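Here's a quick tour of a protein model, written for someone who would rather be at the bench. Have a look at the structure first, and then we'll walk through it.

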Amino acid sequence: MSSRREPVESLRRRALEIVRRLAREYADARCALTHEDPLQLLVATILSAQCTDVRVNLVTKELFRKYRGARDFAASPPGVLEREIRSTGFFRNKARSIRGACAAIATRHGGKVPRTMDELLELPGVARKTANVVLGTAFGIASGVVVDTHVMRIARLLRLTREANPVRIERDLAALLPPETWIDFSHRLIWHGRRVCIARRPRCDGCVVVDLCPSADVAAAKARAQRSSAASPRSSR
Ligand code: SF4
């Protein structure tokens with residue numbers, strides 16, 4: 001991979017072509033967290049940290065039947081919510097964030113999830129990623145680019161950013177892409193990360209942006225090397 005900086009105009013053109021191809025490939029991409037309203041999406045997004053969407057959806061199926069609004073979550077007795085969300089991992093922190101955010105929504109926002117980045121960031125346990133998910137998916141507001149682990153990894157492989165920090169990656173992507181692409185671009189990159197550009201075994205051969213990706217050769221070579229070392233018999237015993 002070259003260490004030379006790509007001229008900004010070339011980078012912008014390449015980024016837009018990546019957006020266009022991913023849009024064609026993943027036209028139906030959407031948020032995989034099951035929810036019926038902004039509050040449910042907020043809770044599901046908090047639970048999704050370090051956890052699969054499948055697991056979160058299993059847990060929220062029961063949770064959303066029991067807790068009908070912010071006041072219910074805020075009033076959940078100590079230990080009960082923790083038990084109910086335990087399988088999503090980091091359950092104590094997540095329960096604290098859910099209770100804290102829901103208490104603030106109930107008391108300061110009349111039980112409704114606020115619709116601005118500043119107000120969302122004031123809720124306990126809510127950082128930019130969660131706020132962007134809620135604003136983009138629940139309200140259709142392009143406040144920024146959702147940067148999860150897939151977006152972080154693939155944006156770097158595609159050399160749309162050289163940053164490692166999610167806030168800086170978001171800043172780079174937002175500077176490159178038109179705001180009307182931000183919401184869907186995140187969903188599509190996440191789908192791409194699950195289906196094709198899989199961590200540690202990217203399927204570059206079947207990737208729609210392979211000719212636009214500076215990491216294609218390196219990633220494909222790594223994947224090939226891993227496949228062949230996994231297939232070769234143990235040499236010593
Ligand atoms: S070419 Fe390979 S590394 Fe690049 S985005 Fe596609 S799958 Fe990922």
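## What's tucked inside

A residue counts as buried if 20 or more other C-beta atoms lie within 10 Å of its own. Keep in mind that this is a predicted model. By that yardstick, buried residues make up 34% of the protein's 237 residues.

## The overall build

Helices are what you get here: the protein has 12 helices and zero strands. Going along the sequence, the pattern reads α-α-α-α-α-α-α-α-α-α-α-α.

Measure along the principal axes and the C-alpha atoms fill a box of roughly 55 × 55 × 30 Å. If you take the contacts with a separation of 6 or more, 60% of them come from residues 24 or more positions apart.

## Helix 2 meets helix 8

Now zoom in on one helix pair. Helix 2 (residues 38–47) packs against helix 8 (residues 128–139) at an angle of about 145°, and their axes are 10 Å apart. The crossing is right-handed.

Who does the touching? From helix 2 it's Pro 38, Leu 41, Leu 42, Thr 45 and Ile 46, while helix 8 brings Thr 130, Val 133, Val 134, Thr 137, Ala 138 and Phe 139. Sorted by type, the residues of this contact are eight nonpolar, three polar and no charged.

## A look at Ala 103

Ala 103 sits in helix 6 (residues 91–108). Is it buried or exposed? Ala 103 is partly exposed, because it has 17 other C-beta atoms within 10 Å, and a buried residue needs 20 or more.

For a sense of distance, Ala 103 and Ile 183 are 80 residues apart in sequence and 28 Å apart in space, C-alpha to C-alpha.

Technical notes: Residues are numbered from 1 along each chain as its sequence is written. This is a predicted model: local features need pLDDT of at least 70, side-chain atom pairs count only at pLDDT 80 or more; totals for chains, interfaces and linings use all residues. Axes are lines fitted to C-alpha atoms, for helices over the stretch in contact, and angles run from 0 to 180 degrees between N-to-C directions. Helices (H or I, at least four residues) and strands (E, at least two) are DSSP runs, numbered from the N terminus. A crossing is left-handed if the near helix is turned anticlockwise from the far one by less than a right angle, and right-handed if clockwise. Two residues are in contact if their C-beta atoms, placed from the backbone, lie within 7 Å. Ala, Val, Leu, Ile, Met, Phe, Trp, Tyr, Cys and Pro count as nonpolar, Asp, Glu, Lys and Arg as charged, and the others, Gly among them, as polar. A residue is buried if 20 or more other C-beta atoms lie within 10 Å of its own, exposed if 12 or fewer, and partly exposed in between; C-beta atoms are placed from the backbone.
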